[in-house]
Amino acid sequence: MEKAHQSIVPVTLVDDADIHAWQEKTDITLRLIRAVMAACQREPKLNAWFNESQLALCQHSQIDLGIAMDAPEGLFVPVLKNIAQESAVNLRKAIDKFKIEVKNRSVSPEDLVGATFVLSNVGVFAGRYATPIIIPPMVAILAIGRIHEKVVSEQGKISVHKQLPLSLTVDHRVITGGEAARFLSALMIDLQAA
């Protein structure tokens with residue numbers, strides 16, 4: 001954390017994804033994983049590590065997604081390896097296994113390293129937006145806030161839609177505002193689909 005504050009130049013973009021089209025009992029985490037994959041395809045520079053000593057950005061061909069999990073002893077971030085190659089069923093099994101291991105403090109050290117991008121769901125507890133901290137050498141992190149309802153105008157009629165708050169923090173030394181905004185836009189487009 002100290003290294004992150006000393007070296008990273010964080011910029012956070014926030015927006016809400018309208019998730020009105022989602023089916024009941026949609027697995028929020030799996031939908032977020034799908035959206036992160038779509039956004040990384042659109043802006044692969046956010047799925048990268050920055051080598052400060054060489055001033056070089058290393059883009060990754062696969063997405064190894066860190067999932068932040070809260071525990072009484074602190075925050076753990078187990079890593080789902082190569083998420084694009086896994087089925088939704090296998091991803092859900094891996095997430096559930098990590099939850100148990102984090103709770104029991106039995107998660108292996110190998111499962112806590114190698115993330116290329118991190119997803120943090122702060123909205124489980126409270127809070128709409130956040131300014132999540134990027135852990136070097138990564139260059140981006142996405143925080144999800146508490147789902148809320150919003151009155152919207154839809155074809156001239158008033159209706160109430162569920163909104164999913166998104167907070168994307170990027171390292172502005174290597175990620176431009178345009179790249180961050182395009183990533184967030186791609187994420188929202190995927191999340192807003194049925």
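Helix 2 passes helix 4 in a right-handed crossing, and that's a handy place to start looking around this predicted model. From there, we'll follow the helix packing, then the salt bridges, and finish with a surface patch and a residue in helix 1. A search of the whole structure turns up ten salt bridges, and several of them get a closer look below, including one between helix 2 and helix 4.

**How the helices pack**

- Two packed helices are described by the angle between their axes and the distance between the axes.
- Take helix 2 (residues 28-42) and helix 4 (residues 177-192) to begin with: they pack at an angle of about 140°, and their axes are 8 Å apart. That angle makes helix 2 oblique to helix 4.
- Helix 2 also packs with helix 3 (residues 88-104), this time at an angle of about 120° and with the axes 10 Å apart. Helix 2 and helix 3 are therefore oblique to each other.
- What's the handedness where helix 2 and helix 3 cross? That crossing is right-handed.

**A salt bridge between helix 2 and helix 4**

- Look for Arg31 and Asp190: their side chains meet in a salt bridge, at 3.1 Å from N to O.
- This pair links distant parts of the chain, with Arg31 sitting in helix 2 and Asp190 in helix 4, 159 residues apart.
- Are these two buried or exposed? Both Arg31 and Asp190 are buried.

**Salt bridges around the end of helix 2**

- Arg42 and Glu43 form a salt bridge, and their closest N and O atoms are 3.2 Å apart.
- The two partners differ in how much they show: Glu43 is buried, because its relative accessible area is 7%, under the 20% cut-off. Arg42, on the other hand, is partly exposed, with a relative accessible area of 45%.
- A little further along, Lys45 pairs up with Glu179 in another salt bridge, with 3.1 Å between the closest N and O atoms.
- Why does this pair tie together separate parts of the chain? Lys45 lies in the loop between helix 2 and strand 2 (48-51), while Glu179 is in helix 4, so the pair joins parts that are 134 residues apart in sequence.
- Lys45 counts as partly exposed, at 23% relative accessibility, whereas Glu179 counts as buried, at 9%.

**A salt-bridge network**

- Which residues are linked in a network of salt bridges? They are Asp27, Arg92 and Asp96.
- To place one of them, helix 3 covers residues 88-104, so Arg92 falls inside that range.

**On the surface**

- Val151, Ile158 and Val160 form a nonpolar patch on the surface, and together they have about 300 Å² of accessible area.
- Where is Val160 in the fold? You'll find Val160 in strand 11, which runs over residues 157-171.
- Val160 is partly exposed, with a relative accessible area of 45%.

**A look at helix 1**

- His5 belongs to helix 1 (residues 2-7). With a relative accessible area of 61%, His5 is exposed, because that is over the 50% cut-off.
- His5 and Ile134 are 129 residues apart along the chain, yet 8.9 Å separates their C-alpha atoms.

Notes:
Residues numbered from 1 in each chain as written. Predicted model: local features only at pLDDT ≥ 70, side-chain atom pairs only at ≥ 80, totals over all residues. Heavy atoms only, no water. Patch = residues over 30% accessible without salt bridge, like charges linked within 9 Å, V, L, I, M, F, W, Y side chains within 5 Å. Areas by Shrake-Rupley, 256 points an atom, 1.4 Å probe, with all protein chains shown as cover. Salt bridge = Lys/Arg side-chain N within 4 Å of Asp/Glu carboxyl O. Helix = DSSP H or I, 4+ residues; strand = E, 2+ residues; numbered from the N terminus. Buried < 20%, exposed > 50% of the residue type's maximum accessible area, 1.4 Å probe, protein only. Axes fitted to C-alpha atoms, helices over the stretch in contact; angles between N-to-C directions. Parallel < 35°, antiparallel > 145°, perpendicular 65-115°, else oblique. Left-handed = near helix turned anticlockwise from the far one by under 90°.
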